[in-house]
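Here are my notes on the two ligand sites and one helix. Please read them with the model open.

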Amino acid sequence: MFYQTEYLKSLQEPEKFWQEQANKIDWYRPADAVLSKDENDLYRWFKGAMCNTAYLALDYHVENGRADQVALFYDSPVTQIKEQYSYREMRDKVALIAGGLKAQGVKKGDTVIIYMPMIPEALMSMLACARLGAIHSVVFGGFAPHELAIRIDDAKPKVLITASSGIEVDRIIPYKPMVDKAMDLANYKPEKVIIYQRKLGALVPSKDYDIDFEEMISRAESVGCTPVEATDPLYILYTSGTTGKPKGVLRDNGGHAVALRYSMEYIYGIKPGDVYWAASDIGWVVGHSYIVYAPLLTGATTVLFEGKPIRTPDASTFWRVISDYKVKVMFTAPTAIRAIRKEDPNGDFIKQYDLSSLQFQFLAGERCDVDTLTWLQEQLEIPVIDHWWQTESGWPMLSNFPGTELLKAKPGSVSKAVPGYDLRILGEDGSELAAGEEGYVALKLPLPPGCLPSLWNNVDGFKSSYLEKFPNYYFSGDGGFKDEEGFTYITGRVDDIINVAGHRLSTVEMEEVVAAHPAVAECAVVGANDSLKGQIPLALIVSHQHDKTNQEIIEEIIAAVRTEIGAIAALKKVHFVSRLPKTRSGKILRKLLRAIVNGEELKIPSTIDDPAIVSEIKEVVHPSLKQTNNL
Ligand code: COA
Ligand code: AMP
């Protein structure tokens, strides 16, 4: 009943509800208006309030009895390094990094790109930007220079912070040459590149824009926290959209702090002093919200893990970390669990560790199959909770609530709407659908605090991408349905976004790279179901006359996607077909294509120009997918 009361309260009296949550935050100045609209007719939370997110995440706890509590455990199986930082140590180092950035001219409102591996200095750099009121934009290390350059051109950072290298299992990934390439490719040039030297491999010749991170802070003076408006941006996080260009999701300071703090208490059941671990990467929203900001805003301890669920060194690594740091709640992607299960189907590693600290296991980032969820639940003997959200929301939209009231579990469902989210299933015409009917997952405006107020420098794009399909609603891009009791089931994206190993990628972006190959006349990239990664990209190409072998062309296309987008795009399947399924007016039938590739039943539209192509694609694609899925 608690959930029901809380949920209704959040929708009936949103301003009162969120003001009560805001009262738990140490503002410099309270809001003039809890909820208002800005000059672009967009909702804003806590207008007029002043705060500083780095203060709330660090200084506040130092001043309120948590100075010596561990704020961060860093565990890096790939370098065999383990470190820990107390709240005081974190605050002091962040204040110095902020001082170093200030000396480089970074000030309130400036943007800073952070392209770093999973090291403490990455988190600290994010917090140092927040301390100055500067806006960080973290770019995931698996993206190629071209992608980094696109983000540089859009965010126009004053400086870029990077590290000499990252490590992928046993392979050193030199970041600095990629940054230099991105600096060449970008039209906009950041003034300086600040490099944290990890001393892991050969030194790369320095450029005249280079600054050594350690040297910068050795000369720096600590700086305090700059008060910012609650509505000022804290960060920009680029995410794949349905065009070739990523979208700069904007996050504000005040609403974000209020929402994340609430989520820790209400959803995850985390109190100050507890240990929380999100096994993600700081380049994704999960990393922003639940490695960096939410645990620290709560006065909890966070874990930064530089490794993989398997191969660093084996499938026991997650359980070792939980037991070493007495993790109370853990969050990861279903792919990680599928990878572990493949290596350790009987859970022999799990039995070797004392996991008594672990109370709840959360999963998100992609659809979780019931089989994986059930397996994990049986192994851990604790509630395993699949919850749903996205970069845009910044925190869960559908979840169970073990922090306050554990609802019954319905396998396959991501449970119920989180307080603050008025979630509806709409039909094509915008009318609300009845229980059991599948439609578009949309949220009635206003969205609660913490969700994106807009896109960076792109109000029109924000409105057209999210608000115009259904007036007065935010459209999530996902399809789904509710049952009679309001439990929601997410059936997947209804657009051209795919989720590969919990990583969100745009098929349109991949198509642009594939189409640029001289032998390609036309192409389509679709998501194919995969038993490990959930989905993998698959390209179908129709070729021009060419003088290379098909295999050569396939290899060149795979290499081009890796060079242009990054290894993370993981396009490994490219198939030649004689033509693509199209309507008589020449439009590619994408929905049909997805269904053919995934062997789903779908009525062949009467508008198709040539029905024979359906069986040709099946014959080309299915044997190859069966092979990778071990079917
Ligand atoms: N920097 C550079 N390259 C990176 C990278 C990074 N930060 N992250 C991944 N890559 C590379 C990988 O090395 C791999 O390259 P390869 O094709 O040469 O082997 C490629 O990008 C694909 O990476 P990934 O999807 O991680 O696949 P994998 O085969 O290396 O690992 C899993 C498989 C299942 C272990 C891994 O996908 C995984 O841990 N998934 C869970 C993801 C997750 O937690 N997501 C959370 C989002 S909420
Ligand atoms: P991202 O913005 O990278 O977090 O990706 C968000 C998208 O991932 C959502 O729009 C969904 O399509 C998908 N997603 C995230 N969590 C889940 C989940 N629990 N179940 C199904 N899909 C999910």
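1. Start with the polar contacts of ligand 1, meaning pairs of N or O atoms within 3.5 Å. A nitrogen atom of ligand 1 sits 3.4 Å from a polar backbone atom of G141. The side chain of R171 offers an N or O atom 2.8 Å from an oxygen of ligand 1. A polar backbone atom of A279 is 3.5 Å from an oxygen of this ligand. On its own, ligand 1 has 930 Å² of accessible area, and the protein covers 85% of it. Areas come from the Shrake-Rupley method with a 1.4 Å probe; for residues, only the protein chains shown count as cover.

2. A word on the basis. This is a predicted model: local features need pLDDT of at least 70, side-chain atom pairs count only at pLDDT 80 or more, and totals for chains, interfaces and linings use all residues. Residues are numbered from 1 along each chain as its sequence is written, chains are lettered from A and ligands numbered from 1 in the order in which they are written, and side-chain values use heavy atoms, with hydrogens and water left out.

3. Which residues come nearest to ligand 1? They are E168, R171, K308, R562 and K572, out of 23 around the ligand. A residue counts as near if one of its heavy atoms lies within 4 Å. The shell holds 10 nonpolar, six polar and seven charged residues. In this scheme Ala, Val, Leu, Ile, Met, Phe, Trp, Tyr, Cys and Pro are nonpolar, Asp, Glu, Lys and Arg are charged, and the others, Gly among them, are polar.

4. Why does ligand 1 lie between domain 1 and domain 2? Because both domain 1 (2-307 + 387-480) and domain 2 (501-628) give residues to its shell. The bounds come from an automatic or database domain assignment.

5. Ligand 2 has 15 residues around it, with D386, H387, T391, D478 and R504 coming nearest. By class, its shell has four nonpolar, five polar and six charged residues.

6. The polar contacts of ligand 2 follow. Its nitrogen lies 2.7 Å from a polar backbone atom of H387. Side-chain N or O atoms of D478 and N499 are each paired with an oxygen of ligand 2, at 2.8 Å for D478 and 3.0 Å for N499. Alone, ligand 2 exposes 490 Å², and the protein buries 94% of that.

7. Is helix α11 (residues 317-325) mostly covered or uncovered? Mostly covered: eight of its nine residues are buried, that is, under 20% relative accessible area. Among them are F318, W319 and Y325. Helices here are DSSP runs (H or I, at least four residues), numbered from the N terminus. Just after α11, K326 takes a positive phi of about 55 degrees.

Methods
A polar contact is a pair of N or O atoms within 3.5 Å; within protein, one must be able to donate a hydrogen and the other to accept it, and residues adjacent in sequence count only if both atoms are side-chain atoms. Buried means under 20% relative accessible area, exposed over 50%, partly exposed in between (1.4 Å probe, protein chains only). Helices (H or I, at least four residues) and strands (E, at least two) are DSSP runs, numbered from the N terminus.
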